[in-house]
Amino acid sequence: MDYENQYANWASIYSVINKCNIVLERAPQVVAIDPSYTEGTLRTDESQMLALRALCYFYLVRAFRDVPVTEGASFNSSQNFEIPQQAPLTVLDKCIEDLKTALQTPLAPNGYTDWRRVGYINRDGINAILADVYLWRASITGNAADYQECVNYCDAVIASKQEQYLSEDAMQGPSMFGGNIDHDGYPLYPGQYAYSQIFGNGNSIESIFELQLDGKNVSNNGLAHCYWNYDDRSRTYGLMMAPLDLFSGTGSSNLFLQSFDFRYYETCYGVGSSDANQYQLYKLVSKSSTGNSMDNSMSAVATFVSPGYNNISRNWIFYRLTDVMLMKAEAMVQMCSDDADPNLQKAFAIVNTVNKRSLGKTTFNNTDTLLWTSYRSKAAMETLVLDERQRELCFEGKRWFDLMRYTYRQLRSASSGEAALLHPELTMAEIGDLSNFAATSAILGDVMGEDVQMAMESEPFLYFPVVQSEMRVNNLLHQNPAYETSESIVKQ
């Protein structure tokens, strides 16, 4: 990997962290000099900054493992920027501390009726991040109490969404969608409207927190390069394409099980084409839905709808309701002591609700939906949750982290002694050379194929290197041992 590869550059995230720190340090002074800036506004602003900072550190620890934790705001280049890396558990503990403090004075989920309702991090957003952090920490430590905390925070989000839907001032009433958006007690759009509402219009009733983009003043150029167009030439594809083996058809050997699953046609263009060797992305690219409807025959989208290279106006969704529902199901499965635990069937019911809402039928027979009899073990349910998260959240930035949680859990439950090599309380520098790290290749290879197995030998290979420019300005940083450092960083 080139030593200046921008995919491994954490500078932009630390820039956001520093802005949060500046607000946290300086905002209290504004109350004393500006009567229009009230104590209540200060507290909700502090809540948002703490939550955003925690979210940034959470991304960093999942992408790099060992990361520096800054002590305060930086206002000029003469300040000391030599800060050592912290172990994952230390960083996660800080995230949880900040998020719990943020929960003391959060924005109410119904505090705004415009884009700020989900464009700001409110109580639902904080609870969703906490659920995610606890799920990650539980997966790397095996702590059952953390799985329960994940369930608790997921329940808080779900209850809030149910309350918002039932309230008289709900943002979008059920009359728009035939009078019913209740799916087994969860306020979810019918499958034929889900794409256009969640990804087309944005800021939907299912959304929890999303990055606001207008394609003019604020654009997501990174996403544009990956999904739409990677340079300024006339193209209709980005750096990332969908693999043939997942989208060439439906059934048990493919990602989507049913040919009448709306998501099958709303993830990629031209799915099922016999002459394709890879597929262009539809999700987060097209603003419109496919036009398929309940009980109508499904058909792939033939015409590519280009959004234009300079008009990147799809919001990026960090959390939405089905993501939280499936996090809860994942945690519940891990809390089960054996295959007879009743939580297994409760977790299955959540997964089945997410799956059924996307099926283009009004009535189902036994071959249409997921069947509990096919998933009555903890191992089968763990795989089902992993698969359903891929179907529901495909290309939304979740899959790699899902696979990492899965891998850590498999290592902790292995009988080979690999769990003894997992030390999230230590930095990689403290653990030592590569022989001291648990082997991840076989586990990832089982779910992603032989190429991944060859590339991901052990735990350090799951993480980015530190770019050389950071190593040069901070002598306290240690390089990921999966990479050799000379004039460039090279994967071993």
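**A tour of charged side chains**

Start by selecting E392 and R320: both residues are buried. This is a predicted model, so keep that in mind as you click along. Show the two side chains as sticks and you will find a salt bridge, 2.9 Å from N to O. E392 belongs to helix α13 (residues 378-393) and R320 to strand β8 (residues 316-320), so this pair ties together parts that are 72 residues apart in sequence.

Now widen the selection. E392 and R320 are members of a salt-bridge network that also includes E206, D261, R263, K283, R357, E388, R391 and E396. The structure as a whole holds 29 salt bridges.

Next, select D93 and R137, whose closest N and O atoms are 2.6 Å apart in a salt bridge. Here helix α3 (residues 88-102) supplies D93 and helix α5 (residues 123-141) supplies R137, so parts 44 residues apart in sequence are tied together. D93 is partly exposed, at 38% relative accessible area, while R137 is buried at 16%.

Move on to K356 and D184, which form a salt bridge at 3.6 Å, N to O. K356 sits in helix α12 and D184 in the loop between β3 (182-183) and β4 (186-187), so the pair links parts 172 residues apart in sequence. K356 is partly exposed, with a relative accessible area of 25%.

Last stop: D341, in the loop between α11 (321-335) and α12 (343-357). What is the nearest side chain of opposite charge to D341? It is K346, 7.3 Å away, and the buried D341 has no salt bridge. Its side chain does reach the backbone nitrogen of S337, at 3.4 Å.

Definitions and conventions
Residues numbered from 1 in each chain as written. Predicted model: local features only at pLDDT ≥ 70, side-chain atom pairs only at ≥ 80, totals over all residues. Heavy atoms only, no water. Helix = DSSP H or I, 4+ residues; strand = E, 2+ residues; numbered from the N terminus. Buried < 20%, exposed > 50% of the residue type's maximum accessible area, 1.4 Å probe, protein only. Lys, Arg positive; Asp, Glu negative; His and termini not counted. Salt bridge = Lys/Arg side-chain N within 4 Å of Asp/Glu carboxyl O. Polar contact = N/O pair within 3.5 Å; in protein donor to acceptor, adjacent residues only side chain to side chain.
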